[in-house]
Amino acid sequence: MIHILHRCPFVHSHSNKNMKTIVITNQKGGVGKTTISFNLSSILADKFKKRVLVIDGDPQGNCTSSFLGMDKKFKGNILDAYDEKALRPIKITSRLHLLG
């Protein structure tokens, strides 16, 4: 399932556009959640010139691996939020960032 949860003002010093939150969920495995997330975020960033933050909440981190490859090590992940640490998304492209 793909849900657009809400629209809210997303204010930047250079923008007054609305932010959309898109969540891709399904409790069943093997239904394409990672593939859809990876491709949708890439298309939104590259083709439609949208700023995209991908948050990989899957404990297996397959979407993160899809962007970074298996070999790359990185600092910080979504679990840092529970420890109240600063979250530092990884820059994939100028418009696409990842928090995995």
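**A helix and its surroundings**

Trainee: Leaving aside its neighbours within four places in sequence, which residues is Ser41 in contact with?

Mentor: This is a predicted model, and contact in it means heavy atoms within 4.5 Å. Once the neighbours within four places in sequence are left aside, the residues in contact with Ser41 are Ile36, Val52, Val54, Phe67 and Leu96.

Trainee: Does Ser41 count as buried or exposed?

Mentor: Ser41 lies in helix α1, and its relative accessibility is 5%. Because a residue is called buried under 20% relative accessible area, Ser41 counts as buried.

Trainee: How far does the backbone oxygen of Ser37 lie from a polar atom of the side chain of Ser41?

Mentor: The two atoms belong to different parts of their residues, the backbone in Ser37 and the side chain in Ser41. The distance from that backbone oxygen to the polar side-chain atom is 2.8 Å.

Trainee: Which residues of α1 are buried, and where do they lie around the axis?

Mentor: Helix α1 runs over residues 33-46 and has 14 residues, of which Ser41, Ser42 and Ala45 are buried. Because these three cover an arc of only 100° around the axis, they lie on the same side of α1.

Trainee: What covers the buried residues of α1?

Mentor: Ala45, one of those buried residues, also belongs to the largest nonpolar core, which has nine residues in all, among them Val52, Phe67 and Leu98. What covers the buried residues of α1 includes β3, α2 and β5.

Trainee: Which element gives the most to the largest nonpolar core?

Mentor: The elements that give two or more residues to this core are β3 (52-55), α2 (62-68) and β5 (96-99). With three residues, the element that gives the most is α2.

Trainee: A search of the whole structure finds one aromatic pair; are its rings stacked, tilted or edge-to-face?

Mentor: The pair joins Phe38 in helix α1 to Phe67 in helix α2, 29 residues apart, and so links distant parts of the chain. The ring centres are 4.6 Å apart and the planes stand at 50°. Planes under 30 degrees apart would count as stacked and those over 60 as edge-to-face, so this pair is tilted.

Trainee: Of Phe38 and Phe67, which is buried?

Mentor: Phe38 has a relative accessible area of 26% and is therefore partly exposed. With a relative accessible area of 16%, the buried residue is Phe67.

How values were computed: Residues are numbered from 1 along each chain as its sequence is written. This is a predicted model: local features need pLDDT of at least 70, side-chain atom pairs count only at pLDDT 80 or more; totals for chains, interfaces and linings use all residues. Side-chain values use heavy atoms; hydrogens and water are left out. A nonpolar core is a set of buried Ala, Val, Leu, Ile, Met, Phe, Trp, Tyr and Cys residues joined through side-chain atoms within 4.5 Å. Buried means under 20% relative accessible area, exposed over 50%, partly exposed in between (1.4 Å probe, protein chains only). Helices (H or I, at least four residues) and strands (E, at least two) are DSSP runs, numbered from the N terminus. The expected span of a helix is 1.5 Å times one less than its number of residues. The arc is that of the directions from the helix axis to the C-beta atoms. A polar contact is a pair of N or O atoms within 3.5 Å; within protein, one must be able to donate a hydrogen and the other to accept it, and residues adjacent in sequence count only if both atoms are side-chain atoms. Rings of Phe, Tyr and Trp (its six-membered ring) pair if their centres lie within 6.5 Å; planes under 30 degrees apart count as stacked, over 60 as edge-to-face and the rest as tilted.
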